[in-house]
Amino acid sequence: MSISEKIKVLCVRAGISVAELARRLGQSPANFNAKLKRGKFSVNELQNIAETLGCTYENYFVWTDGSHI
């Protein structure tokens with residue numbers, strides 16, 4: 001699942017539209033939709049999306065032994 005698809009699923013789960021998420025992030029829906037199409041988000045942007053939707057974003061590498069960096 002792409003990051004854009006994950007964001008759309010998060011919106012459904014949070015009960016808001018993608019356009020509403022964009023407005024809550026201080027962006028225009030058109031600009032945010034273009035960003036979704038590109039699928040390019042910085043870690044900071046993903047953390048802001050998560051915070052806005054009431055969840056957390058964790059970004060790390062996981063080794064087969066379960067340790068992560």
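These legends describe close-up views of a predicted model.

**View 1. The whole protein is built from helices.** The protein has 4 helices and 0 strands. Its pattern along the sequence is α-α-α-α. The C-alpha trace spans about 40 × 25 × 20 Å along its principal axes. The protein has 69 residues, and 22% of them are buried. Take the contacts between residues at least 6 apart in sequence: 38% of these join residues at least 24 apart.

**View 2. The largest nonpolar core draws on four helices.** This core has 12 residues. Which helices supply at least two residues each? They are helix 1 (3-14), helix 2 (18-24), helix 3 (29-38) and helix 4 (43-53). To trace the core, begin with Ile7, Cys11, Ile16 and Val18. Then find Leu21, Ala22, Phe32 and Leu36. Phe41, Leu46, Ile49 and Leu53 complete the list.

**View 3. Leucine 53 has partners in distant parts of the sequence list.** Leucine 53 belongs to the largest nonpolar core. Set aside its neighbours within four places in sequence. Leucine 53 is then in contact with Leu10, Cys11, Ala14, Ile16 and Leu21. Of these partners, Cys11, Ile16 and Leu21 are also listed in the core.**View 4. Two cysteines stay unpaired.** A disulfide is a covalent bond between the sulfur atoms of two cysteines. How many disulfides does the model have? The count is 0. Cysteine 11 is in no disulfide, and the nearest cysteine sulfur, in cysteine 55, is 9.8 Å away. Why is there no bond for cysteine 55? Its sulfur lies 9.8 Å from the closest cysteine sulfur, in cysteine 11, and that is too far for a bond. A disulfide here needs the two sulfur atoms within 2.5 Å. Is cysteine 11 buried or exposed? Cysteine 11 counts as buried, because its relative accessibility is 1%. Cysteine 55 counts as partly exposed, at 32% relative accessibility.

**View 5. The largest pocket has a lining drawn from helix 1, helix 4 and elsewhere.** About 190 Å³ of space lies in this pocket. Its lining includes Ile3, Lys6, Ile7 and Leu10. Leu46, Ile49 and Ala50 are also among the lining residues. So are Cys55, Thr56, Tyr57 and Glu58. Helix 1 and helix 4 each supply at least two residues of the lining. Which helix gives the most? Helix 1 does, with 4 residues. By type, the lining holds 8 nonpolar, 1 polar and 2 charged residues.

**View 6. Isoleucine 3 sits in helix 1.** Isoleucine 3 is one of the residues that line the largest pocket. It counts as partly exposed, because its relative accessibility is 26%; the partly exposed range runs between 20% and 50%. What does isoleucine 3 touch, not counting residues up to four places away in sequence? It touches Gly39, Phe41 and Leu46. Phenylalanine 32 is 29 residues from isoleucine 3 in sequence. In space the two are 13 Å apart, C-alpha to C-alpha.

**View 7. Lysine 8 is also found in helix 1.** Lysine 8 is partly exposed, because its relative accessible area is 44%. Not counting residues up to four places away in sequence, lysine 8 touches Val18 and Leu36. Both Val18 and Leu36 are listed in the largest nonpolar core. Lysine 8 and valine 18 are 10 residues apart in sequence. Their C-alpha atoms are 6.7 Å apart in space.

**View 8. Lysine 35 is a residue of helix 3.** Is lysine 35 buried or exposed? Lysine 35 is buried, because its relative accessible area is 15% and buried means under 20%. Leave aside its neighbours within four places in sequence. Lysine 35 is then in contact with Lys40, Phe41 and Glu45. Phe41 is also in contact with isoleucine 3.

**View 9. Isoleucine 69 lies in the segment after helix 4.** Isoleucine 69 is exposed, because its relative accessible area is 65% and exposed means over 50%. Which residues does isoleucine 69 touch, not counting those up to four places away in sequence? They are Tyr60, Phe61 and Trp63. Asparagine 59 is 10 residues from isoleucine 69 in sequence. The distance between the two is 9.0 Å in space, C-alpha to C-alpha.

Technical notes:
Residues numbered from 1 in each chain as written. Predicted model: local features only at pLDDT ≥ 70, side-chain atom pairs only at ≥ 80, totals over all residues. Heavy atoms only, no water. Core = buried A, V, L, I, M, F, W, Y, C linked by side-chain atoms within 4.5 Å. Buried < 20%, exposed > 50% of the residue type's maximum accessible area, 1.4 Å probe, protein only. Contact = heavy atoms within 4.5 Å. 1 Å grid on protein atoms, 1.4 Å probe; cavity = no way out; pocket = protein on both sides within 12 Å on 5 of 7 lines; lining within 4 Å. Points joined across faces, edges and corners; volume = space filled by probe spheres on them. Nonpolar A, V, L, I, M, F, W, Y, C, P; charged D, E, K, R; others polar.
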